[in-house]
Each structure stands twice: as structure tokens, then as C-alpha cells.
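This report describes a single protein chain through its cavities, nonpolar cores and sheets. The sequence and the structure come before the description.

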Amino acid sequence: MKAIIMAGGEGSRLRPLTCDRPKPMVPVANVPMMEHIVELLKQSGLTRIGVTLQYMPQVIQEYFGNGRSFGVDMQYFIEDSPLGTAGSVKNAASFLDETFLVISGDALTDFPLPQAIDFHRRRGALATLVLTRVDCPLEYGVVIASDDGRVQQFLEKPAWSEVFSDTVNTGIYILEPEVLRYVPEDRPFDFSKDLFPLLLQKRQPVLGVVLEGYWCDIGNLTQYVQAHRAVLAGQARVRIRGRQLAENIWAGADCQISPRALLRGPLLLGERCTVEAGARLEDGSVLGDGCQVGAGASVKRSVLWRHVQLGSDAALRGAVLGDRVQVLKGAAAYEGAVIGTGCLLGEQSVIKPDVKLWPGKQVEARCQVSSSLIWGTRQARRLFGLEGVTGQFNVELTPETALKLAAAFVAAQGAAGRPVGVSADAWPAAQALRHAVLAGIMGAGGRACDLGAATVPLARFAVRSLELAGGVHVRVHPDQPERLGLLFLDRQGGNISRSSERKVENLLWREDFPRAAAGQVLPGDVPPGLRESYLSYLAATIGGSHLKRQRPRLVMAFDRLNLEWAVEALARQFNLSIHNLDHSLPGQLPRSWAGYQEMLGRVAENVRQQKALAGAILAPSGDRLVLVDETGRVISDEMLVLLMALVIFKLRGGPVVVPVTAPRTVEDLARQYAARVIRTKTALPDLLEQILRQTENQDGRINQMLLNFDALGACLAVLEFALSRGLTLGQLVEEIPAFYLHKRSVFVPWEARGTVMRRMIEEPEGGELELLDGVKVLHPQGWALVLPDPEEPVCRIFSEGVSMEVAEALTDFYEEKIRQIAGMRKSG
């Protein structure tokens, strides 16, 4: 006996899950629906199978092939245009030369099919309908049959007023080949609407047999989720792929599950899944092959397809996610939400219940999506952020993306004649992207200069000293170590301009960059002695004679993998005794900048206990610094800006470049030294551009570029300067007048930010306005700056007053004003 699987369905009610595949290929318990049907037919002794196809037929053909790897023999029959259920089966008439069974490829059942076949043969029927009983028959064909099984009445999808039975047609039929004579060839023709009523009219033997077992016509998303729960609960007797880890918990091969993760069945994990510490998987969830669940993430009643990645603290509740969906840190999706293949949910974004995202959509950080996205998008406005391009490694920022970005950078810079430097942190993930960047530059016909493992200050130095066309530095994100960043440098070693960033983005989106032929690829350069040249530059700039004579002890916290070579070399150069408090193990992710700042108490305590000259914390990238003076006092970020300005004022009278957020004390100091202050926007590229302009041709002297963007160099330069004046670090800081600065961030929806800034200008509620960056309002006893964040839906408030009470009052006032304009209530 043969079988026919009807697999031509488009599955429109299952969209967006069926946007890129036919409905029979949608997985149930990590296996395509149709594969469960093939397995049932094989177990029932039906191994000669015809398959009718219409929508995306190649997907099914490529997966099943000739069927032999599934233990069956399969042939395919493709409709050029829709023929209806009966018409599609007649299209396979050449295959159907004996009694045959028809079954849908997009239902899930464990019916004992041999019982129906035996009933059909014993009763001599022309057509036998397999029936079942359901609680709600509205979505099915209702059937009334006599005690002997003869079908008497048939009604397709009745209203409640028309319901006359709870027995419904399952779409599984046993038919004799003669039945196809009643099916016309020139128009669509259905079994339930057309053929069976016609057979009843002609008094042909149409019988029905009620079978016991599980059956679900997966016609919509609710039924799709219910089918998974039925499989996990054992209601649907289908084979679950994987070994049983505990009661009602199954997992495929090569899964890595932290012992500190919570797994509560029923639960199914595919192969090669990773579940980190603190993650919670429970209550009937299914994860496909290659899924990654970050620390603290929570999944309940949800179905995840292959290679879904959940960031830390992400939450899924009753959601369905397609292949390769990326759910970033803190994002959430709730009951009935369906996320199509390849979507990305930004950090702390929320997908409200029953919302559907069609494939490839991107949702911005903190965005709340309350309506389905089909043709539109919630895509990030720009690829470049505050400092280059950042993203989670192998999620947002893959080697392929890095390669294309590098090629676009070469095209944007017109750098074919001069080499582009490429460097990276010492961490393996950063090094992987460094190789991709090198390949992108060379593949675009550019010249690449491989700078190897380096810090950000070393990369900037190399671009300047080697007179390169620019540079690309790959680094671990200082605030989120699971993310990496590509920093693009201009010929001066500064960040490229915004116009250059836009040019790179445009070239990337259009893929409008050269692709060199094999004979056009240029060899890469590896400059010798780069680290030695950099260390010689630092030694010559700092001088260090007073450090050498005092032979001081310094307490530090720094990343050994990235910075130990430089720290140890300069310690030998200047006779320093260095005590590093960071004891991170090799192979761990680097500590975040916030993690290093949590060590400030230990650094301060050790400075006091060891009577050290000072303490310092250095970021792994080498360009962020916190200083601690000899008393254990931590020098704040704002105080550090003023300290660096004071050093420049004392050395040569300025000018000094500071961001618009710097305290007014810097102008007081400038007047004391008859110097000039240049204020810039807060964005790093603007600050860098101005500092580079002012420090041009100042190599060999302590300058603001060194003090602001080289943490190790700045630390030693400030200490050498203080010692040269007979001062300790604390005494030098005491020369800076007191100031009172207060900061706060206020959530403002993206769509309200323009209104907020306009109203701030129209209603300043104070004196003079400054519009260099954001809106700065000058008051008699201070000032307040409202600055929209370029990457998050927040406005940042910076306030300075004659006292901390005044500064806090200004912050409170402008927070309330922002909330009123945006129509928000104050939380708490």
C-alpha cells in the first residue's frame, strides 16, 4: 500500500514562521512536522510515499531527498498552480495504482493507522475518512456517521448554530484509485468541500472510522505551541530526539549546561546548546540546536528554533522565536509573541503579547513594540556609535561584518596607496576579528599593516609614527566584555570624522567597495620593533628622573594579558615597584570597567597600608584611568579632567581642551595661568580632533593627547610632574578649587526627544543659552546641561552649582521639566 503526503501548504496563518519555509517544514520538538508524519507512515508499514508540493517545493525536496535516509522511498509531484487537496492528489495519479492513504504533512498525530486501513479493507469502502472527537469543532469538518461507519452528513467549518456533532474529519483518508475519476483536471477541487459531498450524492461507499490517539491540525500559532506541550507531556506519542537528563528533561548531544542553571521539566534542548550560570529554563520550553542562553536569562513556555542567542537577563514568556534570533541583554518577549528568523531585539527592548515580527527586523534598545512589524522596521539609525562599531561577538559583530567594514573603510579612505594599520586587544575573540579585518583590507586591494596585539594608545601611536593611512583597532568593550568594538582611526591616530563614518556605512550597505582579483592582492606589512618604539616614546616624554630617584611603590589594577608588557617595561625603566591587584585567570573574559572601579576600595586601602606613592586603575584597552592619591583618596573623573588641565597650565600655559560638561573651575584655573580653554562637544571624536590639533608637533613633551588618552603614560607623567615640583599627588590636587557637579539620566522615548529639546530652547527657565552640545542653560548660581544620548533613549542632565544643594536642585528641576514635556510621570 502507498501513501500520499499533502505538503503544498503555504501556512499563511503561521506567519511569520512560514515566511521562509513551507508549513510542513516548521519544526515541532526540533523536527519538521512532515518528518513526524514520515516516521508514523514508516512505523505503519507505509514506506512507498508520494509527496504533493506547491509552495517552496525545493525546501522539502532538499531535506528529504529520495527518502532513503529516513527508511522510505519518496517521489514528488509539483503543482504549477494550486489544484486544491483532491486536485493535488490527482496530480500524482500515475503513482497511485493501488489503495493508498492520504495524510497532511502539517499535522501532528500518533493515530494507529493500520486500524483504519484494516477497517477500510474489511468494509470494502471507496473512501474511508479517519475521524476524531474534539471539544471545539468550529475549525474542522464535522461528520455524522451511522453505527456501521457509513458517513451520512458532512459540514465544513460550521458556526456554533450549525454544529451537530463533535466528531470531525482529520484529513487522513484511505482511498481506492477509482476515486480519482471523480476529480476534474481543469480546476481546483477539495476533498471535504467537493469530492466527499459528490460521493455521498452518488451514494458511493464513504465510511468513517474514529481512532483513539493524539491529533492536532497545526493551523495557527496557538495550536503550534499546544503541539509542543503535548509532545513534552507525553500526550502525543512521537519520538523525542535526545537523551533524558532527568524526569521530563531531554537534551541533544554536546550540550553545555552550567550546574548553576535551573532546568525544570518538561523541557527539550537540541544539540550543542549552551546554558550559562543563573539561567532558568522551565515549564514546557523547547530549544533548537545551537541555542545559547546567557547568565540570568529566563525561558518559560517558549519555543526557540535553531541558533537562537539570549543575552544575559533576557526573558521569554510564551513566545516563539525563529532561527538565528538574537535577544540582547535584558530584552523580553511575552505571551503569543512570534519573532521571525534573523530578528534582533536590542538591549532591554520589550515585545508585547501577541506581537509578530517578520524576518530580519531589528528592534532598538529599550524600544517597546506593541504592534506587529511586517513591512516596517525598528532598525538602529546608525551602525557607528559613540566609539566606532560595537556589538556582541558573533551575534551583531561577526567576522563577516568586520571583513566588509574593513573593505568599506579602505574604499572610504581612498587608502590604496598607504597601508592601514590593524591591531587588536590580546583577547582571542578580538584577535579573531583582527584577522577578518586584515582579510577585508587585503581583499579590497588595500595595503595592510599588521600591528598585532596592542592597546588603543599603542594603535594611535603606530598610525602617527608609521605615517599610515589610518587604522582599525579591535577591542573588548570596556563596559560590556561580551561585546567587541572596531575603532576606526584617521591619519593622526584620532577617531575618523562623522562624515567618514557615514561614508563607510553607505559603502557597506551598498557593498560598494572593490574586490581585488587574486593577482591584485598586496602583501601585508609587519613593522618591526613597534612596542619598543612606543615605550621609548613614553620614556622620552615622561622623563622620569624624579621617579627613578625615589624608586616609588605603586598599587595598580590592570589586565595582565593586555598591559603587563608595558607596565613591566616602564617599571624597569623608572625603578618602580608595582603591585597589581587584578588576579583574573587566563581565559576569562576581561573585567569590565565597572568591575575595575569596584576595586577602588581595595586599591585605596593598599595604598595606605603600603605607604605607596599613588594608586591607579587602568582599563584593559589602556585608555581609561582612575587615580588614587597617597592618602587613599579617589580622584573623580571630573577632578581628573581638571588635574590634567592644571598640569598643562603649569607646564606651558595651555591651551587646554575640555568637554562642555567640565566644571567651570577649569576657566578659573585658566585665568590664574593666563591660559585659554577650548570647550568641545562631549563625543570622543570631537574631543580628540581638538586635542590633536592643539598638540600637533608636541612629541617629546607631556601633552594633552598623552594625558587624556594613554592611561599608563598619563599616570606616570602626572606623578613625575608632581615629584618634579616637590609635591605629592594629593598636594597637587589640593591646588584645584572646589566644585559641585551633579549628574542624572532620565529615560525619554525616542519619539519625544526632539520635542524635549525644542521646548528646552523655547522655555529656558533661566538666563543665557549655550547650544554647543545639547542645551546648556546658565543660571545665576550655576548651570544645567540637557544632553540626549546618541545610543540610548535617555537624556543626561549635568548640573553645576555654588553648592551641591544648588546643583542637585537644578538636576531635579530639569528632570521634572523633561518628564512634563515628554508626558511621563516620575518613577518611584
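Helix H9 (456-465) contributes the most to the lining of the largest cavity, with 4 residues; helices (H or I, at least four residues) and strands (E, at least two) are DSSP runs, numbered from the N terminus. Helix H11 (530-542) and helix H19 (704-709), like H9, each supply at least two residues of this lining. The lining consists of Pro457, Arg460, Phe461, Arg464, Tyr534, Tyr537, Met705, Leu706, Phe709 and Asp710. By class it holds 7 nonpolar, no polar and 3 charged residues, where Ala, Val, Leu, Ile, Met, Phe, Trp, Tyr, Cys and Pro count as nonpolar, Asp, Glu, Lys and Arg as charged, and the others, Gly among them, as polar. The space in this largest cavity is about 80 Å³, and the structure holds 5 cavities of 30 Å³ or more. A cavity is a set of points on a 1 Å grid over the protein atoms alone where a 1.4 Å probe fits but cannot get out, and lining residues have an atom within 4 Å of a point. Points are joined across faces, edges and corners, and the volume is the space filled by probe spheres set on them.

The model is predicted: local features need pLDDT of at least 70 and side-chain atom pairs count only at pLDDT 80 or more, while totals for chains, interfaces and linings use all residues. Residues are numbered from 1 along each chain as its sequence is written, and side-chain values use heavy atoms, with hydrogens and water left out.

The chain has 828 residues, of which 56% are buried (under 20% relative accessible area; exposed is over 50% and partly exposed in between, with a 1.4 Å probe and protein chains only). It contains 23 helices and 52 strands.

The largest nonpolar core comprises 82 residues, and Leu618, Leu625 and Leu643 have the most contacts inside it. Such a core is a set of buried Ala, Val, Leu, Ile, Met, Phe, Trp, Tyr and Cys residues joined through side-chain atoms within 4.5 Å. Helix H20 (residues 711-724) gives the most to this core, with 11 residues. A second, separate core of 38 residues includes Val51, Ile117, Phe119 and Val130. Beyond its neighbours within four places in sequence, Leu625 is in contact (heavy atoms within 4.5 Å) with residues including Trp593, Leu640, Met644 and Cys715.

Two open sheets are set out below; two strands pair if DSSP finds at least two bridges between them.

| Strands | Order | Pairing |
|---|---|---|
| 8 strands | S14-S15-S18-S21-S24-S27-S30-S33 | mixed |
| 7 strands | S17-S20-S23-S26-S29-S32-S35 | parallel |

In the sheet of 8 strands, S14 and strand S33 (356-357) stand at the edges with a single partner strand each, so one side of each lacks a neighbour in the sheet. S14 pairs with strand S15 (residues 249-251) in the antiparallel sense over 3 bridges, and Gln244 has Trp250 in S15 as its bridge partner. Ala246 also lies in strand S14 (residues 243-246); Ala246 counts as partly exposed because its relative accessibility is 38%.

In the sheet of 7 strands, the edges are strand S17 (262-264) and strand S35 (368-369). S17 runs parallel to strand S20 (residues 280-282), joined by 3 bridges, and Leu262 has Arg280 in S20 as its bridge partner. Ala246 and Arg264 are 18 residues apart in sequence and 9.2 Å apart in space, C-alpha to C-alpha.

Technical notes. 1 Å grid on protein atoms, 1.4 Å probe; cavity = no way out; pocket = protein on both sides within 12 Å on 5 of 7 lines; lining within 4 Å.
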